[in-house]
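Colleague: Could you take me through how to read the core, the strands and a charged side chain in a model like this one?

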Amino acid sequence: MASDDPQRPGLADAAGRAAFFPARAAARVWRERLEEAADEVLSAPEIARVVDRALAGPLPEELARSIVRHRVLERIVAELAASGELERLVIATLASPQTLELTDRVLASDETQRALGHVASSPELRDAMARQTAGLAEEVVAGVRASAVRLDDRAERMVGRPSRADRRMEAGIATRAIGLAADAAVTIVLLMSLAGVVALVASLVGGLRPAWLVGALLASGWMLVAGTYFVLFWSSAGQTPGMRLLRLRIRGPGGDAPSIGRSLVRLVGLVLAIVPFFAGFIPVLFTERRRALPDFLAGTVVVYDGPAPEAPGQ
């Protein structure tokens, strides 16, 4: 009897399958019939009209409000993000050839080009860029100006002259040096522009000969450009562009801009101050009103234009 025990479960399973076979066959037949009936019902014109009337009524709005109220979209996105499927879909979409082709078509379209051209040429964008550029330049210049003012007093302390307790109106040696360097750069640019025009004209007539003539013309041009530059700005505005950058101004005995004659005398004094290695500016460190050789000769003084900077420690 023990040898028959392993065969009993197999016989029972076979008997059970045989008993349920008619039921399974009937369910399969009925399922196929139900699917066919459902297809016929859903494809009927009446069903299409019912769906159309439902969509034409308040059902879509109610459905949208229900989706929003129950935060269905947020829950779907959160689930996709938690499973990593959202990141995979985004990466696959961005890397797809269709997306790249669509992006190229959009960027190359006439509408996009017109929109970019309109934005680039809009007054608002130009004004914003001008304000940003002007603001950055003003910050840089303000930093240079503040550093120069501090150097003015530091230079005087280095030679043993104590700083005054009151506010200084007269410009010191560092501020004046930076302003003069800026003016020298401007005059060099003007001279090079003039030399370029002269060289162009000379090339049309075969060039200038001999070499000493070229040197003489360059020296004369330099003297003419620099002299006109300084005398014109000193006598008309009381300050050169380099002095304006550092907020400096020249005042004559009456407090106004120097006259043309006084400006010419000051130009001679400027040349004399520069020739011996700028020794003519050393008196700025020791005189009460910070005057250099050009100021003594022309009776002028260089002052800060606007509110006077405070001395260190104020």
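Modeller: What follows goes from the nonpolar core to the strands and then to one acidic residue, and the model is a predicted one.

Colleague: How many residues does the largest nonpolar core have, and which have the most contacts inside it?

Modeller: The largest nonpolar core has 20 residues, and those with the most contacts inside it are F230, W234, M243, L248, L270, F281 and V302. At least two residues of this core come from each of α8 (123-158), α10 (211-236), β1 (248-251), α12 (260-274) and β2 (301-304), with α10 giving the largest share, 4 residues. Leaving aside residues up to four places away in sequence, F230 touches L180, D183, T240, L267 and L270.

Colleague: Which side chains of β1 are buried, and in what sense do β1 and β2 pair?

Modeller: The side chains alternate along β1, with L248 and I250 buried and pointing to one face, while R249 and R251 point to the other and are not buried. β1 and β2 pair in the antiparallel sense over 4 bridges, and V302 in β2 is the bridge partner of I250.

Colleague: Where is D152 found, and which side chain of opposite charge is nearest to D152?

Modeller: D152 is found in helix α8, and the nearest side chain of opposite charge is R290, 4.5 Å away. A salt bridge needs a side-chain nitrogen within 4 Å of a carboxyl oxygen, and D152, although buried, has no salt bridge. A polar atom of the D152 side chain does lie 2.9 Å from the backbone nitrogen of A174. Beyond four places in sequence, D152 touches G172, I173, A174, T175, R290 and Y304.

Definitions and conventions:
Residues numbered from 1 in each chain as written. Predicted model: local features only at pLDDT ≥ 70, side-chain atom pairs only at ≥ 80, totals over all residues. Heavy atoms only, no water. Core = buried A, V, L, I, M, F, W, Y, C linked by side-chain atoms within 4.5 Å. Buried < 20%, exposed > 50% of the residue type's maximum accessible area, 1.4 Å probe, protein only. Contact = heavy atoms within 4.5 Å. Pairing = 2+ DSSP bridges. Lys, Arg positive; Asp, Glu negative; His and termini not counted. Polar contact = N/O pair within 3.5 Å; in protein donor to acceptor, adjacent residues only side chain to side chain.
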